[in-house]
Protein chains: 2
Amino acid sequence: MITDHMVKSFDTELRRLNATIARMGGLAEAQLDAAIRSVAERDSAAAVAVIAGDANVDACQFDVEDLAVKIMALRHPVAVDLRSVLSAMRIASDLERVGDYGASIAKRALVLNQAAPLRETEAISAMGRVAGEMVRDVIAAYVAGDAAKALAVWKRDEELDEMYSSLFRVLLTHMMEDPRHITPATHLLFVAKTIERVGDRSTNIAEMVSFLVTGATPAEMRPKRDVSSFENA
Amino acid sequence: MITDHMVKSFDTELRRLNATIARMGGLAEAQLDAAIRSVAERDSAAAVAVIAGDANVDACQFDVEDLAVKIMALRHPVAVDLRSVLSAMRIASDLERVGDYGASIAKRALVLNQAAPLRETEAISAMGRVAGEMVRDVIAAYVAGDAAKALAVWKRDEELDEMYSSLFRVLLTHMMEDPRHITPATHLLFVAKTIERVGDRSTNIAEMVSFLVTGATPAEMRPKRDVSSFENA
């Protein structure tokens, strides 16, 4: 038997779940942004703060899971309601990874800051901006139930992939020019790859939002690259 | 009202869920193994098969999620039963990533096979063996509800991390010795990092198994490395 009161409580709980995800998205985006700046501005203190701050993102995931499990135990949601709760858990899991990526970039910053600066950090900042906007936009799309916005994020991942492929080639050339650049350039390569992964997580979330709102993942298939486009392996 | 019949059905469904995870673990392990061999034996045909085979691992995840959602909708599990179903979904998500890692390694193999062989592929095979065993053992621990076995996997991740750190240094030295090795060595570095991530996923699963069986994650904390141990960022 479902009473109005029960339905209203469920809505309230879902809203709380969404608010926690919105907050988690904001934290993950801020961590990523601070991590990129710790590379660009060679700021090791900022990097240490990012590494410590990852626990806050993890705590948000715990809150989302806790709330989701309570909702499932108390309300027994079915069909679309159950999908909503499960999607919230999956989105929290993706955001937790974005937080990990931020911490991972910050750890590389600590090493990079001990070597001579590389000119490619500007391209890293540009990639970081795109990835940060993707995280922000996809969480906004989730909260608003906006499939068009989610699709825009999904499409934008190609832009980030291209930035990564281009930077990959530039960094390899740089390494070949001067072996002294090999170690820092390798770390910067891992930073770039990590930012590219933030795009993948955002794309994942965009697909979930699209599915929640329209019942289908983005219909138009992204042009698949040739398998030899190894940089994105 | 819970009848014996309902309880029995729930057990049957959980067993089916576990069997699907066991099968998924086997597939993911096989994909990883074939991917490593496609690098070690420079076998591009095998690499192409691994890339195509990732869809089978993805299909298993779909099966697990579908079954889990059905169980939750029909049985409304609470407490430990709900945790079991949610853990199954999380383990499937980790195994899906292991499958992705296999495909990612296979894509790198296609590129590596076009360059001159590198002597470090032997170390890659050794890392692959450890990672494959971790996947196999942690899924066996899950199916058997064996916390001691899960703990052993969890501890073994340090071995894999050390192999990775060592190979990282060797590859960088190799790149410095001869700039012609930079491109293939970079790809091999990403392969090594990907194998190291398989260890992280296995560790994740080990923690879930430990929690499911004992109610606590592995108590003894792994010695945390100095933050300057950047190779594992």
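## Cysteines

Let's start inside chain A: A:Cys60 is buried, with a relative accessible area of just 1%. Its counterpart by number in the other chain, B:Cys60, is buried too, at 1% relative accessibility. Both count as buried because the cut-off is under 20% relative accessible area. Keep in mind that what you're looking at is a predicted model.

How many disulfides turn up over all chains? A search of the whole structure finds zero. If the word is new to you, a disulfide is a covalent bond between the sulfur atoms of two cysteines.

## Two copies, one axis

Now for how the chains sit together. Turn chain B by 180°, with 0.0 Å of shift along the rotation axis, and chain B lands on chain A with an RMSD of 0.0 Å. That's the relation of a two-fold axis. Want a landmark in chain B? Look for B:His76, whose C-alpha is the nearest to the axis in that chain, 2.9 Å away.

The two copies also use the same surface: 100% of the contact residues of chain B recur in chain A.

## The nonpolar core

The largest nonpolar core holds 140 residues. Which of them touch the most other members? In chain A they are A:Met72, A:Leu95, A:Ile124 and A:Ile195, and in chain B they are B:Leu95, B:Ile124 and B:Ile195.

A:Ile124 is a handy one to zoom in on. Setting aside its neighbours within four places in sequence, A:Ile124 is in contact with A:Ile36, A:Val39, A:Leu167, A:Leu188, A:Val191, A:Ala192 and A:Ile195. That last contact, A:Ile195, is itself on the list of core residues touching the most other members.

## Cavities

Searching the whole structure for cavities of 30 Å³ or more gives two. The largest has about 60 Å³ of space. Its lining is made of A:Val39, A:Arg42, A:Leu112, A:Asn113, A:Ala116, A:Pro117, A:Leu118, A:Thr121 and A:Leu188. Sorted by class, that's six nonpolar residues, two polar and one charged. You've met A:Val39 and A:Leu188 already, as contacts of A:Ile124.

The second largest cavity has a volume of about 40 Å³. Which residues line this one? Chain A gives A:Met72, A:His76, A:Pro77 and A:Leu82, and chain B gives B:Met72, B:His76, B:Pro77 and B:Leu82. By class there are six nonpolar and two polar residues in this lining, and no charged ones. B:His76 is a familiar face here, as the residue whose C-alpha is nearest the axis in chain B, and A:Met72 showed up earlier in the core.

Note on methods: Residues numbered from 1 in each chain as written. Chains lettered and ligands numbered in written order. Predicted model: local features only at pLDDT ≥ 70, side-chain atom pairs only at ≥ 80, totals over all residues. Heavy atoms only, no water. 1 Å grid on protein atoms, 1.4 Å probe; cavity = no way out; pocket = protein on both sides within 12 Å on 5 of 7 lines; lining within 4 Å. Points joined across faces, edges and corners; volume = space filled by probe spheres on them. Nonpolar A, V, L, I, M, F, W, Y, C, P; charged D, E, K, R; others polar. Disulfide = S-S within 2.5 Å. Buried < 20%, exposed > 50% of the residue type's maximum accessible area, 1.4 Å probe, protein only. Core = buried A, V, L, I, M, F, W, Y, C linked by side-chain atoms within 4.5 Å. Contact = heavy atoms within 4.5 Å. Least-squares fit on C-alpha atoms with pLDDT ≥ 70 in both.
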